[in-house]
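Here are a few short exercises on charged and polar side chains. Have a look at the model first, then work through each task and compare with the solution.

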Amino acid sequence: MVRRKTLISLTALAAGLFMAAFATTVLAAQIPEEKAKSIALENAGVKTEDVAFIRSEPDLEDGKAVFDVEFITNTNEEYDYEILAENGEILGIDYKKTSLPSSEGSGKNISLAQAEEIALTHAGKTADSVTFIKKDADLDDGRLIYEFEFYTASYQKYEYEVDAKSGEILAWDYDSDSLYAHQHAGFHQKNPVQASTSKSGAPNRQAAKENPDQISLNDAKAAALKKAGLKDNQVTWGRVYKEYDDGRLIYNGEFFYNLLEYEFEIDAVSGTILDWDVESIFD
């Protein structure tokens with residue numbers, strides 16, 4: 001009994017310390033809680049009458065007072081905002097579409113490039129103004145989803161999931177000042193030879209010159225298609241990229257055909273297929 005009272009006292013003390021710290025920090029706040037809610041709703045383009053549920057609570061993030069505002073719309077879209085209490089700046093956004101679009105139909109999937117453009121347009125960015133961390137395709141319960149991660153020169157980081165059948169954005173995430181983006185940019189600046197090449201034109205992405213003896217990305221794709229006995233218009237491409245593996249530069253990639261997923265590694269100099277794997281999407 002004495003131990004339980006001690007635990008209860010410690011818990012109460014911890015909670016009291018947190019609230020005291022928040023109360024001290026929030027004195028500098030310039031916006032009330034209701035204003036934080038209205039900022040979140042306005043940014044999402046959602047009216048109060050379109051919201052089925054909303055909650056807001058004060059919190060501390062890196063010593064700063066913030067409001068966590070969460071709401072669900074009448075169309076089953078979930079939003080989670082982190083808003084700086086001092087001035088209403090949006091520090092982070094997390095979105096998820098809980099009512100997924102139908103995956104049925106005989107129409108061809110959109111390409112990875114088309115999905116990329118959808119994500120960039122939503123973020124209000126262009127390919128030459130961001131650095132991509134990830135461009136990939138994944139299967140979730142038989143549904144093909146394109147996944148993207150990229151950041152800006154000011155370290156704003158974005159993540160997107162785009163449905164390959166409908167082109168709808170299923171989920172997205174925004175961070176106004178990403179520590180991961182800072183670290184990723186720093187790594188590539190220190191290791192330019194390992195930086196992935198892209199047409200984005202971000203400062204740290206084209207540091208290494210292309211070796212004229214290397215095969216092109218299109219050549220690597222053609223080699224993979226030849227191995228599979230397929231044509232380009234028959235498949236849906238996932239991510240294809242160059243990387244170093246034990247000092248060897250390779251093309252690593254994947255594509256989908258019917259209910260099969262193909263993964264490959266191809267030597268970027270000789271064009272030799274180093275690794276090849278084919279499996280059902282239901283495995």
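**Exercise 1.** In which strand is Asn252 found? Work out too whether Asn252 is buried or exposed.

Keep in mind that this is a predicted model. Start with the strand: Asn252 sits in β10, residues 248–257. Next, check the accessibility: Asn252 has a relative accessible area of 17%, so it counts as buried, the cut-off being under 20%. Finally, look for a partner: the side chain of Asn252 makes a polar contact with the side chain of Glu243, at 3.1 Å.

**Exercise 2.** Take the salt bridge of Glu70 with Arg55 and find which strands it ties together.

First the distance: the closest N and O atoms of Glu70 and Arg55 are 2.9 Å apart. Now the location: Glu70 lies in strand β2 (residues 64–73) and Arg55 in strand β1 (residues 51–61), so the pair ties together parts 15 residues apart in sequence. Then the exposure: Glu70, at 27% relative accessibility, is partly exposed, and so is Arg55, at 28%. Last, widen the view: Arg55, Glu57 and Glu70 are linked in a network of salt bridges.

**Exercise 3.** Examine the salt bridge of Lys157 with Glu159 and classify each residue as buried or partly exposed.

Begin with the gap: the closest N and O atoms of Lys157 and Glu159 are 2.6 Å apart. Lys157 has a relative accessible area of 8%, so it is buried. Glu159 comes out at 30%, which means partly exposed.

Terms used:
Residues numbered from 1 in each chain as written. Predicted model: local features only at pLDDT ≥ 70, side-chain atom pairs only at ≥ 80, totals over all residues. Heavy atoms only, no water. Helix = DSSP H or I, 4+ residues; strand = E, 2+ residues; numbered from the N terminus. Buried < 20%, exposed > 50% of the residue type's maximum accessible area, 1.4 Å probe, protein only. Polar contact = N/O pair within 3.5 Å; in protein donor to acceptor, adjacent residues only side chain to side chain. Salt bridge = Lys/Arg side-chain N within 4 Å of Asp/Glu carboxyl O.
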